[in-house]
Amino acid sequence: MTIKRTKAVVLPLYNDNLIRALLGLKIEEREIPELKPDEVLIKLGASPCNPSDIAFLRGGYNIVKPVPVVPGFEAMGEVVETGTEAQHLLNKKVSCFSQEDSDGTWAEYFRAKAKDCIVLKDGINNDQAACLSINPLTAVGMFELVEKAGNVPFVLNAAGGQVPVFMRVLAAEKGIEVINIVRKEEQVEQLRNAGQKMVLNSTAEDFSDQLAQACNTLNPLFAFDAVASEISGQMLNSLPEEGTLVIYGGLSGQSVSGIDTMGVIFKRKKVIGFNLNEWIAEMDENTFKEQTNHVQDLFIEEKFKTQIQGSYKLEDVVTGIRAYIKSMSAGKILLKGDL
Ligand SMILES: NC(=O)c1ccc[n+]([C@@H]2O[C@H](COP(=O)([O-])OP(=O)(O)OC[C@H]3O[C@@H](n4cnc5c(N)ncnc54)[C@H](OP(=O)(O)O)[C@@H]3O)[C@@H](O)[C@H]2O)c1
């Protein structure tokens, strides 16, 4: 290996207090371990900060790696070195999503498994390619439930976020109506201006009634929940018989609550989770390729577009993340390399 060290964002300690966790971040020179046969070394193009990264910095994510560690689960870049079994990827531009138990993507150079690399098609730009996996594939994966149920209407909370943006595109292609829930009046306006007919503000006094009324009108069979709190109960309780609450995020940091017991017993309502890692693990290699090709095409056709509010150098990681947590609906922030 010729590249043995890299500049990286390093998290020395997890801290439940996000501001303290951010203030603890350091920019350091990190040693790059020798590549295994199935690994590649990638020169960073761009890597986003997602809610999973925020949860990771706080030590509150599903994945806790030994510290000090480089954060970052998703990125695009160019393969500059490979292990013996991954030579086919040399010099290729790739996007990758990796939650291996080692340093992540917020570095000038980072390692990834060849199996986690998606070779990029022409026509997809670096910034969009950096956000190719986590949110787009989650939307596609969750939308399969909607399709299997016969293209039924559904409810989305945190509807100003990126996963809901992609879910709405997929719904529009099939002519499916959506009930959107946001927490700020400006987001209500934005979604209405973008053509959404049903947009509710969860802070309204009569929100529960509005939601029940909207569900009576549309009969949605699914509610996709990125927040998890008493709103989860409100969503499930408003669904008709056989309705399913799909929990895929815990943005509130609270427990799911307020579920009507009788609805679960007598109306066969269900609560399930969605986990992107599991959805990917259930696919064979060919199906994964088909899914990622499909997602790349959606980006190239500009049907999918991740909103990006700003790009930052690795050194400016704290400024970037502060901007992101101030207004997540304004879009992702990217940490940029020199590609
Ligand atoms: N299960 C999986 O496999 C999987 C995969 C991908 C993503 N996820 C999860 O999906 C969730 C959404 O991700 P994303 O990338 O779509 O988010 P995003 O684009 O960063 O946007 C987050 C959205 O949630 C809103 N929000 C944040 N905290 C909230 C709260 N406490 N109550 C209500 N709304 C809140 C934000 O509104 P403001 O602008 O008002 O802050 C923003 O509209 C995250 O929890 C993420 O971890 C899970």
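This is a short tour of the structure, one selection at a time.

Before you start, note that this is a predicted model, where local features need pLDDT of at least 70, side-chain atom pairs count only at pLDDT 80 or more, and totals for chains, interfaces and linings use all residues. Residues are numbered from 1 along each chain as its sequence is written, and side-chain values use heavy atoms, with hydrogens and water left out.

**Stop 1: the ligand**

Select the ligand and show what lies around it. You should find 28 surrounding residues, the closest being Lys184, Leu276, Tyr324, Ser329 and Lys332; a residue counts here if one of its heavy atoms lies within 4 Å of the ligand. Colour this shell by class and you get 13 nonpolar, 12 polar and three charged residues (Ala, Val, Leu, Ile, Met, Phe, Trp, Tyr, Cys and Pro are nonpolar, Asp, Glu, Lys and Arg are charged, and the others, Gly among them, are polar).

Next, colour by domain, using bounds from an automatic or database domain assignment. Domain 1 (5-131 + 306-336) and domain 2 (135-277) each give at least three residues to the shell. Helices α2 (51-57), α4 (134-148) and α5 (162-173) each supply at least two; helices are DSSP runs of H or I with at least four residues, strands are runs of E with at least two, and both are numbered from the N terminus.

Now look for polar contacts, meaning pairs of N or O atoms within 3.5 Å. Ligand oxygen atoms lie 2.4 Å from a side-chain N or O atom of Tyr324, 2.8 Å from a polar side-chain atom of Arg183 and 3.3 Å from a polar backbone atom of Gly161. How much of the ligand does the protein bury? Of the 930 Å² that the ligand exposes when taken alone, 88% is buried (areas by the Shrake-Rupley method with a 1.4 Å probe).

**Stop 2: a salt bridge**

Select Arg5 and Glu31, whose side chains form a salt bridge at 4.0 Å, N to O. The term means a Lys or Arg side-chain nitrogen within 4 Å of an Asp or Glu carboxyl oxygen. Arg5 sits in strand β1 (residues 5-10) and Glu31 in strand β2 (residues 26-31), 26 residues apart. The whole structure has 17 salt bridges.

**Stop 3: two backbone details**

Most residues other than glycine have a negative phi, and most peptide bonds are trans. Go to the bond from Val67 to Pro68: this one is cis, with omega near -5°. Pro68 is in the loop between α2 and β4 (74-82). Finish at Arg268, in the loop between α9 and β13 (270-273), where phi is positive at about 55°.

Note on methods: A polar contact is a pair of N or O atoms within 3.5 Å; within protein, one must be able to donate a hydrogen and the other to accept it, and residues adjacent in sequence count only if both atoms are side-chain atoms.
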